[in-house]
Amino acid sequence: MQFMLLFSRQGKLRLQKWYVPLSDKEKKKITRELVQTVLARKPKMCSFLEWRDLKIVYKRYASLYFCCAIEDQDNELITLEIIHRYVELLDKYFGSVCELDIIFNFEKAYFILDEFLLGGEAQETSKKNVLKAIEQADLLQENLDFQIRLFPGVLGPNVSAESSGLFQS
Amino acid sequence: MALKIVKGSIDRMFDKNLQDLVRGIRNHKEDEAKYISTCIDEIKQELKQDNIAVKANAVCKLTYLQMLGYDVSWAAFNIVEVMSSSKFTYKRIGYLAASQCFHEGTDVIMLTTNQIRKDLSSPNQYDTGVALTGLSCFVTPDLARDLANDIMTLMSHTKPYIRKKAVLIMYKVFLKYPESLRPAFPRLKEKLEDPDPGVQSAAVNVICELARRNPKNYLSLAPLFFKLMTSSTNNWVLIKIIKLFGALTPLEPRLGKKLIEPLTNLIHSTSAMSLLYECVNTVIAVLISLSSGMPNHSASIQLCVQKLRILIEDSDQNLKYLGLLAMSKILKTHPKSVQSHKDLILQCLDDKDESIRLRALDLLYGMVSKKNLMEIVKKLMLHVDKAEGTTYRDELLTKIIDICSQSNYQYITNFEWYISILVELTRLEGTRHGHLIASQMLDVAIRVKAIRAFAVAQMAMLLDNAHLLTGNMQRNGICEVLYAAAWICGEFSEHLEDPNQTLEAMLRPKVATLPGHIQAVYVQNAAKLFATVLRKHEGATDSQAAQETSQLLVERLPLFVQSANLEVQERASCILQLVKYIQKLQQKDVEVAEEVSALFAGELNPVAPKAQKKVPVPEGLDLDAWINEPPSESESEDEKPKAVFAKEETKHSRPRHTEVDEKELARRREARKQEQANNPFYIKSSPSSQKVYQDAPGVEHIPVVQIDLSVPLKVPGMPMSDQYLKLEEERRQKEKAEKKKKEKKKKREKHGKGKKHDSGPESEEDITPAHHVDIVTEEMPENALPSDDDDKDPNDPHKALDIDLDKPLADTEKLPVRTHRSEPLKSPGEDGDVESVPQEPKKRSSKEKKEKKKDKDKDRKVCQLDFSVRRITDSNKNGCYLETKWVVYTHLWAVYDIQGNLQDGSQVVVSVIFENKSDSFLKSMEFNVLDSLNSKLQRPEGAGPHDGLVVPFQLPPGVSNEARFIFSVQSIVMPQKLKGTLTFIVKSEDSSTHEKLDFKLHFTCTSYLITTPCYSDAYAKLLESGDLKSSSLRLEGVNMPFHHLLARICFHHHFSVVERIDSCASMYSRSIQGHHVCLLVKTADQTVSIDAKCDEPSLLGNVLDEIKQTFSQC
């Protein structure tokens, strides 16, 4: 896998992970281009598209798009599986995860991703093991103020759209 | 101290944390940029504080801002600080920030090497894990080289959690540092049989990725993978292995045969679509690699096609798409098996998902045959009419043309039909592909001689109805076809039934609204038509008609002479004058037709696109050889740098050749461009036709009525391609019937011979073209070379990994282990002064202070501290090393080096390697240094100024380990010695004793210098600047060759030679705080004189003293 992007329906980037070295400028360009392309696709369309010399695999969960770029010979279906697996992991970790969880705890979302994928390859296929590793690492981490979990309603408008669980699409 | 902590946490309460930042950004939707810039200012303040928690919080926020697209590269060093925190919480954030923000160009990365190494060897597996994860994102070639060995060690870690991460990251290391592949591969291979499935899967992943790029080096692993494939039940692993086999089989067909069976079994049994899909893909790859004519494999193909059909029929769009994709792979080798599913694929053309429709179109491309081409194209034409959205319609159009024109019009049996299809396509409104249709028309008309009469008639009709096509030309690329039509009518005008009428059509005033390049073709071909008309009427009695035609031209051409387009204008005025002249001749009844036709005589032949490239180079011709020898380099370059130093001489400024050349070149380039622009024969990158048209001021102001027709235009009088379809069917029927008759006859004749003729569906070859078509092949030069395309991309990073892995490892192939060389180096010129040989500690007569310390309660410890200076320069590093040994007789050896830090002029890193030489266990080591005003040991947050630092490891007997201590240095102009103590506990089986050892750290001025290369022109400039103070040094009785002398200065004092002439050399070095140090070294009769310049006189004095000392020791 070359990179993974998470972005909202409004085109706001929520998470990015690059497994190939690229300059910031190039990354921004790719992100902009892909977000546009993917958002322009109709809901009934299939999850794959060819883009430059890569294949893009994306899937929408509630208001979030998960988008991966893979190489020509890679398997699209297993990539979809990876995306789904990651969403499941987020869901288990946060408990019915919603977009806000990922916004406010974005570093956690990265930690989970890093336990699941390394260098663009799946490193652990067992959900249980990934969560175990994260929990133990969290135990190590003192409970500082990073743990504040926010509840919908505290925030401004348009929160409700983001706070419905990813699986309720 | 406690107060400080409390104060720190109070400060923190007022800081924004990440959540506050995110919330803030969401509440400032209108002025987000402004809000964030104030946040960044706050973050900058936070980063200045000493509290690591505050820094970590700031770095965490920066990571978030980085994602939003803000530049945070300025905080790279702070990220490194947070990474090196000992607390996991902060380390984790630091590494996350680094993995998101660092890239190969980030210069602080090289500072992280030791930190990462330390984290990799941390007893806490999560420290190691976090370091590995981070490293996978920002590994650079340098990091890969320095850490490859450490990571390889981790591949055998006791914890599977670390092993699998280490295995996976090795792939990134290989990419950055290909030399590591061979030494690391045996261990990687071992991991294929690791007891932990996660590690095993990681190893499969890595080897699979490697093998996909360079399969031939991994063939020997096939049996091992075969075993894994038949035993594994993990789909993730299976998919990777099967993919690997897909890459291997093209190289080893026997492997393919073996694979078919287990793969077909998997296809039958698995319920996982991803695995099924992978198996089908690999079976296809296998079957492609096997030479065809293996009848027993048709079953596997059938199985694949069946399974794919199920995928395509599935309601899931994704499966449909992939099914079509895989189908197109089968199509390449087994078109027949796919063609039977034509119905399904045509259905997909109606799918609501455009990407699926496009896939289906791709498939159709390969599915056509002579038999079904017309039918398929007819379907496609229907879709063209229905299609909504111009992109899809344009795609359809190009596909129709691709399908028909593929492999040299192989499948077209009736070119009249094809021409009429092309003409029908001209009705497409708003397409961008007018030029494509035009080039097809031209190609067919030129190359298929038999069709010319028909084509010309059609084109004449198009020209006649041109107004219908060009209705709203601005956004219509279709007018391009008029270019082709005009050219065809002109070039092959002998086939025209009524050239007069066509000529008239080409000279209508409306033509002037067409793009310039089309008008130009119109004008030129009008002349050709004129020639034809003349010839037609020549000899006939009525010269009236010919004269009328001339008159028509004379009347109409002036319109084009006024054209703003140069090409049109030029041609028109030429032709106008020509016609006027002819008109004169006509009035005198002179026969001119022959001569006018001669203007356009001769036939055009198509030339193959690569014809010129394929002309073989004649023997004896070397294209790379110089025709004239290049002018030799100017000699004035070698002027001596001496002039700069010798005060009595005038200063020459050397001419800066490079700069002048650059300017000169740019000027010449500009001139050449000008010249080319003014040269009408030079082919410029053609500006788009549309633009030329819009630029023409004469046309711009003419109002063009835009006609918007929702109904596709029907060009009157055009034959519909459908008619051809019908005709064709009838013709085939008839042929078939005739053939059957013949066959019957034959059968009757051959009866008894017993050879049954398959009279099933008619095969390709049976269909004969409607009329004999002679497709003119493209011309090629004689002795054309065979095609030579498709070189691998030379920039592909995987190319470097094409390494033979089966060759046994040579001794030299080891991963670099960074050591603090404890053996004397054997480079020339230094043998004499390296006396710090650890094996013979007693021999060492210390030139500096010798310290003896008597232990109060115990009687035995004598420790000798030795500061004999031995430097090791490492050209790969920007730092400098000063290596010194402390030797403790019985227990502990320590070696230290001091490394200046280019990025931070106030920091020096001292790495100490402790080696336990005793039989006892050493533990609780504590390192402490008495700070001076100038140099301070950096202690962790909250520690007092006199507290020692705990060395983070224990030493079992015979083991060595490295600890790093950072010192902050204010002024670097003076050398300095710091006193320190090391306390530790010696634990033997029966007793444990507390030991203390005093030592001194010697920071010489030389250790603040960094070997920096300098070019002679920059050097000259520096000396001329006049900012430097000078000083000099004389050394008597130096008895060594000059180059040894230079080598010694370079080696010991971190200089580099700028220029050397005979017994005179200029040298340069730079301090970590950016001071320039320049030397001019001259030697004569055992006397060395060194003239030196530096912007800091006391630094210079000290460096010179140190140089003097070096030489006084020899």
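**Exercise 1. Which backbone nitrogen lies 3.2 Å from a polar atom of the side chain of B:Asn414?**

Step 1. The backbone nitrogen belongs to B:Trp417, and it sits 3.2 Å from a polar atom of the B:Asn414 side chain. That fits the cut-off for a polar contact: a pair of N or O atoms within 3.5 Å, where, within protein, one must be able to donate a hydrogen and the other to accept it, and residues adjacent in sequence count only if both atoms are side-chain atoms.

Step 2. The side chain of B:Asn414 also reaches the backbone nitrogen of B:Glu416, at 2.9 Å.

Step 3. Now place the residue: B:Asn414 is in the loop between helix H23 (390–409) and helix H24 (415–425) of chain B. Helices (H or I, at least four residues) and strands (E, at least two) are DSSP runs, numbered from the N terminus.

Step 4. B:Asn414 counts as buried because its relative accessibility is 7%. Here buried means under 20% relative accessible area, exposed over 50%, and partly exposed in between (1.4 Å probe, protein chains only).

A quick word on the ground rules. This is a predicted model, where local features need pLDDT of at least 70, side-chain atom pairs count only at pLDDT 80 or more, and totals for chains, interfaces and linings use all residues. Residues are numbered from 1 along each chain as its sequence is written, chains are lettered from A and ligands numbered from 1 in the order in which they are written, and side-chain values use heavy atoms, with hydrogens and water left out.

**Exercise 2. Describe how chain A is built.**

Step 1. Count the elements: chain A has six helices and seven strands.

Step 2. Read them off from the N terminus, and you get β-β-α-β-β-β-α-α-α-β-β-α-α.

Step 3. Check the burial: 60% of the 169 residues of chain A count as buried.

Step 4. Look at contacts (heavy atoms within 4.5 Å). Taking those in chain A between residues at least 6 apart in sequence, 55% join residues at least 24 apart.

**Exercise 3. How many residues does each chain bring to the contact between chain A and chain B?**

Step 1. Chain A brings 66 residues and chain B brings 63 residues.

Step 2. Turn to area. The size of an interface is often given as the accessible area lost when the parts come together. Chains A and B bury about 6,000 Å² between them, with 55% of it on carbon and sulfur atoms. Buried area is the accessible area (1.4 Å probe) that two parts lose on being put together, summed over both.

Step 3. Count the pairs: 25 residue pairs are in polar contact between chain A and chain B, both residues at pLDDT 80 or more.

Step 4. Find the main contributor on chain A: helix H4 (residues 106–116) gives the most to the side that touches chain B, with eight residues.

Step 5. Sort that side of chain A by residue type, and you find 32 nonpolar, 11 polar and 23 charged residues. In this scheme Ala, Val, Leu, Ile, Met, Phe, Trp, Tyr, Cys and Pro count as nonpolar, Asp, Glu, Lys and Arg as charged, and the others, Gly among them, as polar.

**Exercise 4. Follow the salt bridges, within chains and across them.**

Step 1. Side chains of opposite charge can pair when their charged atoms come close. A salt bridge is a side-chain nitrogen of Lys or Arg within 4 Å of a carboxyl oxygen of Asp or Glu. The whole structure has 48 of them over all chains, and seven are between chain A and chain B.

Step 2. Try one that crosses: A:Glu115 pairs with B:Lys165, with the closest N and O atoms 3.5 Å apart. This pair runs from helix H4 of chain A to helix H10 (residues 160–176) of chain B. Both A:Glu115 and B:Lys165 are buried.

Step 3. Stay inside chain A for the next one: A:Glu81 and A:Arg85 form a salt bridge at 3.8 Å between the closest N and O atoms. They are about one helical turn apart because they are four residues apart in helix H2 (residues 76–94) of chain A. A:Glu81 is partly exposed at 32%, whereas A:Arg85 is buried at 13%.

Step 4. In chain B, B:Lys61 and B:Glu46 meet in a salt bridge (3.2 Å, N to O). B:Lys61 lies in helix H4 (residues 52–67) and B:Glu46 in helix H3 (residues 32–48) of chain B, so the pair ties together parts 15 residues apart in sequence. Both B:Lys61 and B:Glu46 are buried.
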